[in-house]
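Subject: Structure handover

Hi there,

Here is the structure I promised to pass on to you. Please have a look at it first, and then read on for what I found.

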Amino acid sequence: QQQPQQNPTAAVNYGSEYGGVYGYAGGGPINGPGTGTSDSIPATIDGAEPAALSDGEFVFTHAAVLGFGGGDENAGHEALMRLMKMAEQVGARYGNS
């Protein structure tokens with residue numbers, strides 16, 4: 001089993017089964033075991049709520065979401081979803097992980 005890379009700028013570090021620590025909320029790229037859609041990297045939200053991430057994903061900070069939405073969280077979510085869908089169409093040309 002591949003050991004995830006510790007990334008101090010990533011949104012999370014990896015679960016105790018990898019000797020890591022939960023919690024980094026700085027946003028950034030996620031690198032670890034699994035595929036781009038496997039949800040193989042355990043994480044928590046606010047140190048309590050379980051979450052799962054996948055290799056190659058990227059997490060945005062709340063401030064970035066607000067920035068995409070002109071200060072409105074919901075507008076930021078909608079803008080990022082549109083951006084993600086457009087990027088996925090281009091990314092599909094290169095293969096789907």
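Before the details, one cut-off will help: a residue is called buried when its relative accessible area is under 20%, exposed when that value is over 50%, and partly exposed in between. Please keep in mind that this is a predicted model.

Let me begin with the overall picture. The chain holds two helices and four strands, and, starting at the N terminus, their order is β-β-β-β-α-α. There are 97 residues in the chain, and 28% of them count as buried. Its accessible surface is about 6,300 Å², with 55% of that belonging to carbon and sulfur atoms. If you take the contacts between residues at least 6 apart in sequence, 25% of them join residues at least 24 apart.

Now to the strands. Is strand β2 largely enclosed or not, and why? Strand β2 covers residues 41-45, and it is largely enclosed by the rest of the structure because four of its five residues are buried. Its partner is strand β3 (residues 49-53): the two run antiparallel and are joined by five bridges. If you would like a place to start looking, find Ala 43, which stands opposite Ala 51 in β3. Together β2 and β3 make a hairpin, with three residues between the strands. One residue in that turn, Asp 46, has a positive phi of about 55 degrees.

The aromatic residues are next. A pair of aromatic rings is described by how far apart the centres are and by the angle of the planes. The count here is two aromatic pairs. In one of them, Phe 58 and Phe 60 sit edge-to-face, with 5.2 Å from centre to centre and 65 degrees between the planes. The other joins Phe 60 to Phe 68: the centres are 5.8 Å apart and the planes are at 85 degrees, so this pair is edge-to-face. Phe 58, Phe 60 and Phe 68 thus make up one aromatic cluster.

How accessible are these rings' residues? Phe 58 is partly exposed at 49% relative accessibility, Phe 60 is partly exposed at 38%, and Phe 68 is partly exposed at 41%.

The cluster residues turn up again on the surface. Phe 58, Phe 60 and Phe 68 form a nonpolar patch there with Leu 83 and Met 86, and the accessible area of the patch comes to about 500 Å². Leu 83 belongs to helix α2, which spans residues 73-91. With a relative accessibility of 39%, Leu 83 falls between the cut-offs of 20% and 50%, so it counts as partly exposed.

Last, a word on Leu 66, which you will find in helix α1 (residues 62-68). Which residues does Leu 66 touch, leaving out those up to four places away in sequence? They are Gly 71, Asp 72 and Glu 73. The C-alpha atoms of Leu 66 and His 77 are separated by 8.4 Å, and these two residues are 11 apart along the chain. Leu 66 counts as partly exposed, at 26% relative accessibility.

Enjoy exploring it, and write back whenever you like.

Best wishes

Notes: Residues are numbered from 1 along each chain as its sequence is written. This is a predicted model: local features need pLDDT of at least 70, side-chain atom pairs count only at pLDDT 80 or more; totals for chains, interfaces and linings use all residues. Side-chain values use heavy atoms; hydrogens and water are left out. Buried means under 20% relative accessible area, exposed over 50%, partly exposed in between (1.4 Å probe, protein chains only). Contact means heavy atoms within 4.5 Å. Accessible areas come from the Shrake-Rupley method with a 1.4 Å probe; for residues, only the protein chains shown count as cover. Rings of Phe, Tyr and Trp (its six-membered ring) pair if their centres lie within 6.5 Å; planes under 30 degrees apart count as stacked, over 60 as edge-to-face and the rest as tilted. Two strands pair if DSSP finds at least two bridges between them. Patches are made of residues with over 30% relative accessible area and no salt bridge: like charges are joined within 9 Å, nonpolar side chains (Val, Leu, Ile, Met, Phe, Trp, Tyr) within 5 Å. A salt bridge is a side-chain nitrogen of Lys or Arg within 4 Å of a carboxyl oxygen of Asp or Glu.
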